[in-house]
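Dear colleague,

Please find the structure below; my notes on its cysteines and its nonpolar cores follow.

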Amino acid sequence: MVALAQSMRGDHPARPVLVLSNDPDAGGLAKARAMDIPTMAIDHKPYGKDRAAFEDTLHQTLETARPDVICLAGFMRILTPVFTTKWEGRMLNIHPSLLPKYKGLHTHARALEAGDATHGCTVHEVTAALDDGPILGQAQMTVQKGDTPDSLAARLLPLEHALYPAVLARFAAGDRTPVYLQE
């Protein structure tokens with residue numbers, strides 16, 4: 001989130017209008033406030049299993065903020081097709097694997113367990129299917145001997161911080177041509 005917000009300066013075609021979290025204690029909220037970006041937390045826990053009510057509140061909050069693009073960054077809730085359809089073509093996500101490989105969780109461990117020589121991250125449009133929308137960019141790196149899930153994640157982070165802002169700038173300008181980066 002911070003890398004995205006910091007990139008949206010100067011001639012960048014987008015500006016942050018809201019940082020929204022489902023976790024009231026998310027560290028990104030304080031970081032966003034320090035950057036003078038409006039924030040909101042909508043805790044999903046009081047909604048229990050009522051995803052529709054939680055997503056209605058998310059949707060109303062987003063409608064009030066009027067974003068052109070929604071960038072998911074660390075939002076660890078699966079959104080329903082009802083919600084994703086409302087924002088179709090305007091919602092991006094970054095995922096720590098070279099999609100279509102390793103959808104879901106534990107991507108670094110799964111890449112290591114499979115013996116992959118390369119690993120990376122993907123920015124994609126969000127659709128109703130988990131980690132399955134059109135790919136807008138990928139960053140790739142070599143898996144090193146002795147890598148662990150933690151070391152792989154740490155080495156991937158700078159690539160994530162370069163890829164997502166590059167894709168967002170292109171996407172906000174109306175260009176869906178994929179961006180490809182290498183370590």
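Cysteine 71 is partly exposed, with a relative accessible area of 26%, where partly exposed lies between buried, under 20%, and exposed, over 50% (1.4 Å probe, protein chains only). Cysteine 121, by contrast, is buried, with a relative accessible area of 0%. This is a predicted model, in which local features need pLDDT of at least 70 and side-chain atom pairs count only at pLDDT 80 or more, while totals for chains, interfaces and linings use all residues. Residues are numbered from 1 along each chain as its sequence is written, and side-chain values use heavy atoms, with hydrogens and water left out.

The count of disulfides (pairs of cysteine sulfur atoms within 2.5 Å) is zero. The cysteine sulfur closest to that of cysteine 71 belongs to cysteine 121 and is 14 Å away, so it is too far for a bond.

Cysteine 121 also appears in the largest nonpolar core (a set of buried Ala, Val, Leu, Ile, Met, Phe, Trp, Tyr and Cys residues joined through side-chain atoms within 4.5 Å), which has 20 residues, and Leu92, Cys121, Val123, Leu163, Tyr164 and Val167 touch the most other members. Strand 4 (91-95), strand 5 (118-125), strand 6 (135-142) and helix 6 (149-172) each supply at least two of its residues, helix 6 giving the most, with eight; helices (H or I, at least four residues) and strands (E, at least two) are DSSP runs numbered from the N terminus.

Beyond its neighbours within four places in sequence, tyrosine 164 has contacts (heavy atoms within 4.5 Å) that include Leu4, Cys71, Leu92 and Val123. Another core, of twelve residues, lies apart and has among its members Leu58, Trp87, Met91 and Val126.

Best regards
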